[in-house]
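User: Could you walk me through how to read the features of this structure, one at a time? I would like the general idea and then the case at hand.

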Amino acid sequence: MVGPTASLTPLSRADGSASYQCPSTGSNILGSVNAPIELPGRRDALKPEDATVEVFVKPGTAPGGVGERYVEGIIKNMLGKLILGREKGYARRGVVITLAIVGGESVARGDSYLTLLPALLHTSLLALLSASVPLSMTYSATVLAVDASGEITREPSVKEAAAAVSLHVFAFSSNGHLLLNESEGPFDFETWEKVHQRALAICHGTVARSSDGDVAMAEDVDGQPLEGALREAMEEKIQQDYSWKIDAA
Amino acid sequence: MASPLILLPGDEVPSEYLPSSNSAPLRLGAGLRLLSQPSAISPSHVISATQPGLLSTDNKRNAVSILSTPNRRYVPTPGDLVIAQIHHSSPDYFHCMITPQAPQALLGQLSFEGATKKTRPMLKQGDLVYARVLSTGLGAGAEVELTCVNPATGRADGGLGPLTGGMVFDVSTGLAARLIKASSSSGEQQDGVAGLVVLDELGKKLEKAGGFEIAVGRNGKVWVDCANGGDYAVKATVAIGRCLSTIDEHELSSTDQRKLVTRILRDMKIES
Amino acid sequence: MNKEAPLSIAERDFILNALREDVRLDGRQADQFRPLNVSFGEEYGHVKVQLGKTSLIVRISSEVTKPHDDRPFDGIFTIALELTAMGSPAWENGRQGDLETYVSNVLDRVIRHSNALDTESLCVLKGVSCWNVRADVHITDYDGNLIDAACIGVMAGLQHFRRPDAVVKDGQVIVYGVDERVPVALNITHKPLSVTFHTFDEGKRVIVDATRKEEQASEADVVMGLNNAGDVCYLSKFSGSPVSAMVFVNKSSVALEKVKEINGIIDKALQADLAKRAKGGLMEESRATNDR
């Protein structure tokens, strides 16, 4: 399976930016982060000792609506726990994350936004890294669809998602802990266990390598774990930026 | 020296990368934090990264920090040199802008060399000053304070004070830090300091055109003035600005930097 | 807030003094545009415009809706432009600023009101159904001259876009999928573009394609919208200090020259994309035969 394509700091005005394309859904997200900046209108008054995180999702070919606000809430809640808002220069300031869906199938009004959520989360992470916003850890995320026969599809297209019985989004921290779990549709606990295992394998590779061949095969199907792909993109960028230093050493 | 180590937030710094001297306490710089895991048997400490970047160690000062992405927004740190723009003044302070869309910093009306109530500079909105960050305060509601004198000596070391005339160019904070490093260290080096030879090269080539004055602020601003340039003043200033922004966008080797300077000076029709 | 930080006195004075010597900060001539790059994405109507450091993405989309009651023969065409914090940290998400209103208004007038897209051709069934074509403009990087860049993006997008084919059969509207029938290009009547001028030094210096700092240092702006044939469809002197009428007369020939030049760049990009698609299509076909 082809890994995602990501580029860091494609924009010049924003403090940090990233573009991310998911190969299986074709969705292409451009994200920008401005931080730490002063928020007008005293929106900082609620938490004077912490940074305020704002997320804005802009759909590609339609005006924003309820679906965007819903997914913004999920992203904001998750990032709020990872961003170290008390670090120097961040208290009482804003971290403004703007995500624009610039390519791929758009989510029709009323359709589930969960299919896009992992791509949005990855773009946010890369943009935050590009802006050097202090974070406690990194993460990777994926979405899985379960259809009527119990078959699991990784990162389904809009059409596949519509046909699925349940949708599950998982995000794991860089050390493998579950950070986010959003599910939609009816499913039983057994199914959840199964998709959880599969999601962990997609994000981190098969950690518990057992002796039977099945697990090893699963790793082949999913290719390089997402965690590694994101890390590589970031390391490559830093290598590039500091080539004057690294080459001299 | 160990091979360069690139860390992402949450990564632990391997102990073999830390400076080894045991005499002085270890100093943690930007992008790192100390985490301790309380445990009944033996509490353990790890140093973990909070920003992505290249690990940089200084054995002399027993310090370790992260060199983060060069495009990031400037966060005031005590001791940094910045170019600030006056926004408005109040009886005691000039309120200055260091970075746009960020809270204003305070510069005391008397924080200039030899300033008294009568001799203090009358700065108006839009004027520029070269200042040092004095303090960033603690806790919420803290305000950044700037000064244009060294509080210990009462002198304006290193050209601190109002900047008149000239032009300001915006560069990335990463390039600004490199420019400061390159201009503060003396000694001729073939490859330049911090991989930059552009200022040396411009200095040589523009000597005939009257040379130039330059001040670099950590907040990503570079002030350039070619006051002695005569007819070439404007063109030489523009040429310097174009060289800096090109180097900011493309990583150039020292040979390419020299070529760039020659090309832009020729393009601007400046004799060297 | 929604306002860029003001320029320092040094910057303002320097830009003006340099212009008096015919020098611009990036070494350009007074009536020279920054390097322009127009590229297309995989989908129809997906355009990326890079004009110097200003960049934006335009996405054209279409859906079948009911026409407005007062215009049963017309389809609907809207240009949606929203400034987000992505383009500039000075812009606030979800809050409309003056610049947004101004740019949207000019785009509407240059492209929509000049009937660049023939809306009558969007009618499917009188009074019942028509196409709603929507152009979304995403500003990704703002370094001046938003209006011209957005015009280029929307016009290139409209020319690149293909809508699904639709027919009326027994009073029923059938929309064919892109894989069932070759999608249809939009009916473009003419290709208007805008050229924005900024004046300095009491109107004595006039430049095109100003950067953000040049815009901030300028006294006034003049926008001209015209097509390849030289027909003027928009002319405005919106704000700032007065500008001599001769500027309009003298600069309209410059504007025409620029419009022709830019339309040439768009045409070239469209042809290159078409060639690429034709090649890709052939490859896909050959692959299909191999499968068989």
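**Reading the model, feature by feature**

Analyst: Happy to. Let us begin with the nonpolar core: its largest example holds 216 residues, and B:Ala84, C:Ala150 and C:Val154 touch the most other members. Helix α3 (residues 146-160) of chain C gives the most to this core, ten residues. Please keep in mind that this is a predicted model.

User: Why look for a core in the first place?

Analyst: In soluble globular proteins, nonpolar side chains tend to be buried together. To see one member in its setting, take B:Ala84: leaving aside residues up to four places away in sequence, B:Ala84 touches B:Cys96, B:Met97, B:Ile98, B:Ala105, B:Leu107, B:Val129, B:Ala131 and B:Leu146.

User: What share of chain A and of chain B is buried?

Analyst: In chain A, buried residues make up 50% of the 249 residues. For chain B, 42% of the 272 residues count as buried. As for secondary structure, chain A has seven helices and nine strands, while chain B has four helices and 15 strands. The C-alpha atoms of chain B fill a box of roughly 75 × 50 × 35 Å along the principal axes.

User: How do I read sequence separation in the contacts?

Analyst: Take the contacts with a separation of 6 or more, and ask what part joins residues 24 or more positions apart. In chain A that part is 66%, and in chain B it is 60%.

User: Now the helices. At what angle do α2 and α4 of chain B pack?

Analyst: Helix α2 (residues 198-205) and helix α4 (residues 254-267) of chain B pack at about 40°, with axes 9 Å apart. That angle makes α2(B) oblique to α4(B), and the crossing of α2(B) past α4(B) is right-handed.

User: Which residues meet where α2(B) and α4(B) pack?

Analyst: From α2(B) come B:Val198, B:Glu201, B:Leu202 and B:Lys205, and they meet B:Gln257, B:Arg258, B:Val261 and B:Leu265 of α4(B). By type, the residues of this contact divide into four nonpolar, one polar and three charged.

User: Let us turn to the interfaces. How many residues of chain B are in contact with chain A?

Analyst: A good way in is to count each side, then ask which elements and residue types supply it. Here 30 residues of chain B are in contact with 40 residues of chain A. On the chain B side, β5 (53-58) and β6 (63-68) each supply at least two residues. That side divides into 15 nonpolar, eleven polar and four charged residues.

User: Is there a residue of chain B that I could use to look at this contact, and where does it sit?

Analyst: Try B:Ala102, in the loop between β8 (93-97) and β9 (105-108) of chain B. B:Ala102 touches A:Ile37 and A:Glu38, again not counting residues up to four places away in sequence. B:Ala102 counts as buried because it has 21 C-beta neighbours inside 10 Å. The C-alpha atoms of B:Ala102 and B:Val75 are separated by 9.6 Å, though the two are 27 residues apart along the chain.

User: And which elements of chain C supply the side that touches chain A?

Analyst: In this interface, 25 residues of chain C are in contact with 21 residues of chain A. On the chain C side, β3 (54-65), β4 (76-82) and β6 (129-141) each supply at least two residues. The largest share, five residues, comes from β6(C). Seven nonpolar, ten polar and eight charged residues make up that side of chain C.

User: Finally, what should I look for in the backbone?

Analyst: Most residues other than glycine have a negative phi, and most peptide bonds are trans. With that in mind, look at A:Ala35 and A:Pro36, which are joined by a cis peptide bond with omega about -10°. A:Pro36 is found in strand β3 (residues 28-37) of chain A.

User: Where do A:Ser132 and C:Asp22 lie, and is each buried or exposed?

Analyst: A:Ser132 lies in the loop between α2 (117-130) and β6 (139-146) of chain A, with a positive phi near 60°. A:Ser132 is buried, since 27 other C-beta atoms lie within 10 Å. C:Asp22, with a positive phi near 65°, is in the loop between α1 (9-20) and β1 (36-40) of chain C. C:Asp22 is exposed, with 11 other C-beta atoms within 10 Å.

Terms used: Residues numbered from 1 in each chain as written. Chains lettered and ligands numbered in written order. Predicted model: local features only at pLDDT ≥ 70, side-chain atom pairs only at ≥ 80, totals over all residues. Contact = placed C-beta atoms within 7 Å. Nonpolar A, V, L, I, M, F, W, Y, C, P; charged D, E, K, R; others polar. Buried ≥ 20, exposed ≤ 12 C-beta atoms within 10 Å, placed from the backbone. Axes fitted to C-alpha atoms, helices over the stretch in contact; angles between N-to-C directions. Parallel < 35°, antiparallel > 145°, perpendicular 65-115°, else oblique. Left-handed = near helix turned anticlockwise from the far one by under 90°. Core = buried A, V, L, I, M, F, W, Y, C linked by C-beta atoms within 7 Å.
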